[in-house]
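Reader: I am new to this structure. Please take me through one part of it closely, the main pocket, and then show me what else is worth a look along the chain.

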Amino acid sequence: MIEDYMRWEQYILRRAPDFELKYDVGGRRYEIGPDDRVYVAGMGGSGVVGDLLRDLSALYDWPFDVVVVKDYFFRGRRGLMIAVSYSGNTVETITAAQEALRRGIPVVAITTGGRLAELGIPTIRVPKASAPRAALPQMFTAALWVLRRIYGIEFALPDSLPYDSALEERLKSVISRRPTIVAPASMQGVAYRVKNEINENAKMDSPVEILPEAHHNWIEGASSPLMALTSEQIPLEHRRRVEITVDLVGGELFKVDMTIGGVLTFLKHVGLATAKLALERGIDPLKTPRIDLIKQRL
Ligand code: PA5
């Protein structure tokens, strides 16, 4: 898994994957075209693709809203869906995709295979990794290419995701103190990914608070340690709120470059830090026995 994170730049899809814009499923015709709403369905390590796209679409004013779907149940009436499941077998994602199709909404799948790849919808197959969450670069950049093809959005892919041992050590030191993660709404996806990595790799609990809402409740009960996220690219209103929080409560501030390369570089270090924290505690970061057990029991 550590090797996967260290090789993340090799998994960035550098060429546009091909997929059909018009297709038939169950005798019904679907046509993929620009709509001002894009649903991104997916859970866990796959679902974070939607969270990150939501952050970026708002920051860079892309011409559509990203609506993240992390449930079986889907009630959209129009738009386009990107269904992301590393395994292709996650029941919530498959159910949401099937419901979208039933509602006449075209779906594009991003997966390594599984049942999602058998729905008869345009499917982008991405390379495998040691775990779904370790396959973020290929799933995330596949989704970006889908959006580029449909909406013509511009984005720059990084040549490399430079390793910074000082950042990894700082992350390890902060995360080992079991912080509350605090982030503005414009970085919610990044914050949830940090939380998920702490949960799944390090097997530690990790609360997240999102500003400005948390300034209307959580702040009264807040206590240290905090791991606060900020960025030069986010709105001033959000930056100020993060700064005030750290002034009031204390905590470590992490600046994230909210570009595709900046986000992947930061999250690569979060992956490394959480995997190494697990190993230092004699825990296998790769194994997720409770997640597996729940999937089996359903
Ligand atoms: O990272 C993980 O292992 C999990 O969070 C999975 O991504 C999650 O359970 C969903 O599975 P999949 O990504 O195969 O759809």
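Author: What follows starts at the pocket and then moves out to the domains, some single residues and the backbone. Keep in mind that this is a predicted model.

Start with the pocket. The largest one has a volume of about 860 Å³. Its lining is made up of 34 residues. Which of them are closest to its centre? They are Glu200, Thr288, Ile291, Asp292 and Lys295. Find these five on the model before you go on.

Now look at the elements behind the lining. Five of them are worth tracing. Helices α2 (44-59), α3 (91-102), α6 (188-200) and α9 (289-297) each give two or more residues to the lining of the largest pocket, and so does strand β5 (80-85). Which element gives the largest share? It is α9, with 6 residues.

What is the chemical mix of the lining? The residues divide into 12 nonpolar, 12 polar and 10 charged.

The pocket also brings the domains into view. The protein chain is divided into domain 1, residues 2-151, and domain 2, residues 165-280. The lining of the largest pocket draws at least three residues from each of these two domains. How far apart are the C-alpha centres of the domains? They lie 25 Å apart. The contact between the domains takes 21 residues from domain 1 and 27 residues from domain 2.

Stay with α6 for a moment. This helix gives residues to the pocket lining, and Glu197 is found in it as well. Is Glu197 buried or exposed? Glu197 is buried, because its relative accessibility is 0%, and the cut-off for buried is under 20%. Leaving aside neighbours within four places in sequence, its contacts are Tyr5, Arg133, Ala202, Val270, Gly271 and Thr274. Tyr5 and Arg133 fall in the range of domain 1, 2-151.

Next, go to Tyr163. This residue is found in the loop between α4 (136-151) and α5. Tyr163 counts as partly exposed, at 38% relative accessibility. Beyond residues up to four places away in sequence, Tyr163 touches Met6, Glu168, Lys268, His269, Leu272 and Lys276. Take Leu272 from that list. Tyr163 and Leu272 are 109 residues apart in sequence, yet 10.0 Å apart in space, C-alpha to C-alpha.

Now turn to strand β10, residues 226-230, where Thr230 lies. Thr230 counts as buried because its relative accessibility is 4%. Its contacts, again without the neighbours within four places in sequence, are Met187, Arg239, Val242, Leu253, Phe254, Lys255 and Val256.

The loop before β10 deserves a slow look at its backbone. It runs between β9 (208-211) and β10, and Pro212 has its place there. Pro225 is found in the loop between β9 and β10 too. Which bonds here are cis? A cis peptide bond joins Leu211 and Pro212, with omega about 10 degrees. Another cis peptide bond joins Ser224 and Pro225, with omega about -5 degrees. Why point these out? Because most peptide bonds are trans, and most residues other than glycine have a negative phi.

The second half of that rule leads to two more residues. Phi of Asp61 is near 55 degrees, a positive value in a residue other than glycine. Asp61 lies in the loop between α2 and β4 (65-69). With a relative accessible area of 66%, Asp61 is exposed. Phi of Arg178 is also positive, near 55 degrees. Arg178 sits in the loop between α5 (165-175) and β8 (180-184). Arg178 is partly exposed, with a relative accessible area of 46%.

Finish at a hairpin. Strands β1 (residues 22-25) and β2 (residues 28-31) run antiparallel, and 4 bridges join them. Which residue of β2 stands opposite Lys22? It is Glu31. The hairpin has 2 residues between the strands, and Gly26 takes a positive phi near 55 degrees there.

To retrace the tour, go back to α9, which gives 6 residues to the lining of the largest pocket. Then look again at the two domains, which each give at least three residues to that lining.

Conventions. Residues numbered from 1 in each chain as written. Predicted model: local features only at pLDDT ≥ 70, side-chain atom pairs only at ≥ 80, totals over all residues. Heavy atoms only, no water. 1 Å grid on protein atoms, 1.4 Å probe; cavity = no way out; pocket = protein on both sides within 12 Å on 5 of 7 lines; lining within 4 Å. Points joined across faces, edges and corners; volume = space filled by probe spheres on them. Nonpolar A, V, L, I, M, F, W, Y, C, P; charged D, E, K, R; others polar. Domains from an automatic or database assignment. Buried < 20%, exposed > 50% of the residue type's maximum accessible area, 1.4 Å probe, protein only. Contact = heavy atoms within 4.5 Å. Pairing = 2+ DSSP bridges.
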